[in-house]
Structure formats: C-alpha cells, structure tokens
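Reader: Please show me the structure, and then let me ask how its descriptive terms are justified.

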Amino acid sequence: MTRIALVTGANKGIGFAIAQQLADAGVDVVIGARDEAAGRAAAARVPRARFVQLDVSSADSVRAAAESLTALDVLVNNAGVSASGDGAGSTIADAALRQTFDVNFFGAVAVTQAMLPLLRRSPAGRIVMVSSSLARPALDTNLQLLGYRASKAAVNMFTVALARELAGTAIKVNAAAPGFTATDLNRHLAEAQPGWTPPPHTQTTEEAARVPVRLALLPDDGPTGGFFDRTGAVAW
Ligand code: NAP
C-alpha cells in the first residue's frame with residue numbers, strides 16, 4: 001500500500017528536498033506550508049503531492065490540518081526558524097527566544113500530538129524530528145544562538161521521551177541532524193557572526209534531506225529514539 005507522508009515547512013529549503021525525495025521513493029506527500037501560494041507552488045513541483053495549510057505555531061491551523069487527513073504513515077517535523085535577535089545567553093531578547101521555541105519546539109510537539117492518532121493506525125508509523133548538530137551541548141562551537149540551540153535540544157528530548165513512550169508500538173521516532181546547509185534559515189550563511197567561520201563544505205538541500213528521508217523510510221527493524229547525521233548515530 002502507498003505510504004502517506006506529511007512534511008512541515010515543505011515549501012522550500014530542506015523540507016522541499018525531503019518532499020521530493022519521499023515522492024521519488026513512491027510515497028504520497030502532503031506539503032505542509034503556512035503560506036498557501038508557496039505551498040501550492042511547491043506541491044505542483046512534486047509528483048502526486050498535495051498541499052495542506054499548516055502554520056505549526058497556530059493551534060487552529062494544526063487542528064484543521066489534522067482533520068483534513070484521513071491516513072498518515074510518516075510525519076517529518078521540518079518547519080523551523082532561526083529568529084533575528086537570537087544570540088548569546090546573557091543578552092538574547094525574550095521575544096526571540098519565545099519565537100524560536102514557538103515554532104521549533106512547541107510547534108513540533110503540537111503537530112506530532114495532532115497527527116499521532118493517524119500514525120497509530122499505520123502499520124509502520126515514522127516520526128522524524130529535523131533537529132541540528134547545534135542541539136548538542138557538547139558541540140565545540142562559539143556560535144552564539146541560544147534560542148535555536150536550546151529549542152533543538154528540547155526537540156531531542158521530545159524525540160527520546162516519545163520514542164520511549166511509544167516503544168512496543170509500530171511507530172519509530174528519531175531525530176536528524178541534516179548538516180550545515182545554505183538556506184533562507186541562515187541567510188545562506190552570508191551573515192556569519194563575528195569570530196565564527198562557517199564550515200568549509202556546505203551541502204545542498206538535496207544532500208541535507210538524505211538523513212531525514214532515511215529515517216522516514218526506516219524498515220521495521222530500524223532504530224527508534226536515536227539521533228543521526230550523514231555519518232550515522234550522533235551522541236546527544
Ligand atoms: P528554510 O529554507 O528557511 O525553511 C524553513 C521552513 O520552515 C520554511 O518552509 C518555512 O516557511 C517553515 N516555517 C517557519 N515557520 C513556520 C511555521 N510557523 N509554520 C509552518 N512552517 C514554518 O530553512 P531550512 O534550512 O530548510 O530548515 C529546515 C529545517 O532544517 C529546520 O528545522 C532547521 O532548523 C533545520 N536545520 C537546518 C540546517 C541548515 O544549515 N540550514 C542545519 C540543521 C538543521 P516560510 O517559507 O513560510 O517561512
């Protein structure tokens with residue numbers, strides 16, 4: 001039977017590449033996007049895809065999106081922001097911290113909770129949290145992005161907690177670190193912070209999509225509750 005996947009924030013960037021690769025793998029993709037015109041344009045470029053309006057930070061939008069679906073096998077929580085005003089822990093503006101958590105953490109939790117009844121009915125439910133290597137407290141970086149890093153660390157905690165809660169069901173929950181990729185999120189790495197040098201190799205969105213897509217298509221004997229980048233399992 002054809003699998004159905006919902007990808008949030010799929011109108012552009014890594015999310016769009018995830019949607020394309022899932023469609024190439026034979027999955028019917030639902031393109032979640034908060035902007036209708038952008039979402040419909042993206043869906044028109046992905047075989048068999050359809051659009052659903054989905055602002056992950058709006059409870060009404062999340063509820064309506066869930067009600068519009070009748071079946072779901074894969075959820076990719078990809079929508080994310082890096083707020084302007086994010087920065088060092090000593091100075092970060094409250095608004096930037098809250099905006100980042102609203103989308104990256106509370107949004108991902110809300111969408112997952114809304115979609116869980118459908119995923120529980122799937123013979124092989126898969127939940128992929130698009131996290132980041134910046135979620136790792138141990139990461140050796142002087143990049144000052146407390147809001148972004150803390151929100152992704154919270155996403156990782158959600159991944160572990162939900163995977164444990166759903167152990168014994170057919171649902172697998174894993175987090176992906178796609179790797180540094182020049183996208184709108186980081187202004188295509190054009191405005192690096194003083195003293196911070198972007199990694200020499202930045203990858204394409206197609207390359208970044210591979211880890212989340214692999215986790216979305218895990219076989220029944222695949223892992224759950226893990227954190228993965230392109231090289232394999234990552235230490236939390
Ligand atoms: P991007 O091109 O800016 O895409 C972000 C997507 O999220 C867009 O579709 C955006 O929609 C959507 N979005 C933002 N707020 C939303 C909301 N409230 N509701 C629904 N959708 C919303 O950035 P990207 O780099 O592809 O990021 C995708 C994911 O990868 C994010 O979770 C990010 O944290 C993660 N990631 C990125 C990198 C990197 O180096 N780029 C590295 C590690 C992890 P609009 O077009 O409407 O704004």
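Author: What follows goes through the sheet, the helices across it and the ligand; the model is predicted.

Reader: Why are β3 and β8 called edge strands?

Author: The eight strands form an open sheet of mixed pairing, in the order β3-β2-β1-β4-β5-β6-β7-β8. Strands β3 (50-53) and β8 (232-233) each pair on one side only, and that is what the term edge strand refers to.

Reader: What makes β6 and β7 a pair?

Author: A pair needs at least two bridges between the strands. Two bridges join β6 (residues 172-176) to β7 (residues 227-229), so the requirement is met. These strands run parallel, and Ala175 stands opposite Phe227 in β7.

Reader: Which strands does helix α1 lie across, and at what angle does it run to β1?

Author: Helix α1 (residues 13-24) lies across β1 (4-7), β2 (28-33), β4 (74-77) and β5 (126-130). Its angle to β1 is about 170 degrees. Angles run from 0 to 180 degrees between N-to-C directions, so the helix and β1 point in nearly opposite directions. Helix α5 (residues 146-165) lies across β5, β6 and β7, at about 160 degrees to β6.

Reader: What makes the approach of Arg34 to the ligand a polar contact?

Author: The cut-off is 3.5 Å between N or O atoms. An oxygen atom of the ligand is 2.7 Å from an N or O atom in the Arg34 side chain, so the pair qualifies. The side chain of Lys152 has an N or O atom 2.9 Å from a ligand oxygen, which is also within the cut-off. For Thr181 the partner is a polar backbone atom, 2.8 Å from an oxygen of the ligand.

Reader: How much of the ligand does the protein bury?

Author: Taken alone the ligand exposes 890 Å², and the protein buries 93% of that. The elements giving two or more residues to the shell are α1 and α5.

Reader: How many residues surround the ligand, and how do they divide by type?

Author: The ligand is surrounded by 28 residues, with Asn11, Arg34, Asn78, Tyr148 and Thr183 the closest. They divide into 11 nonpolar, 12 polar and five charged.

Terms used. Residues numbered from 1 in each chain as written. Predicted model: local features only at pLDDT ≥ 70, side-chain atom pairs only at ≥ 80, totals over all residues. Heavy atoms only, no water. Helix = DSSP H or I, 4+ residues; strand = E, 2+ residues; numbered from the N terminus. Contact = heavy atoms within 4.5 Å. Near = heavy atom within 4 Å. Polar contact = N/O pair within 3.5 Å; in protein donor to acceptor, adjacent residues only side chain to side chain. Areas by Shrake-Rupley, 256 points an atom, 1.4 Å probe, with all protein chains shown as cover. Nonpolar A, V, L, I, M, F, W, Y, C, P; charged D, E, K, R; others polar.
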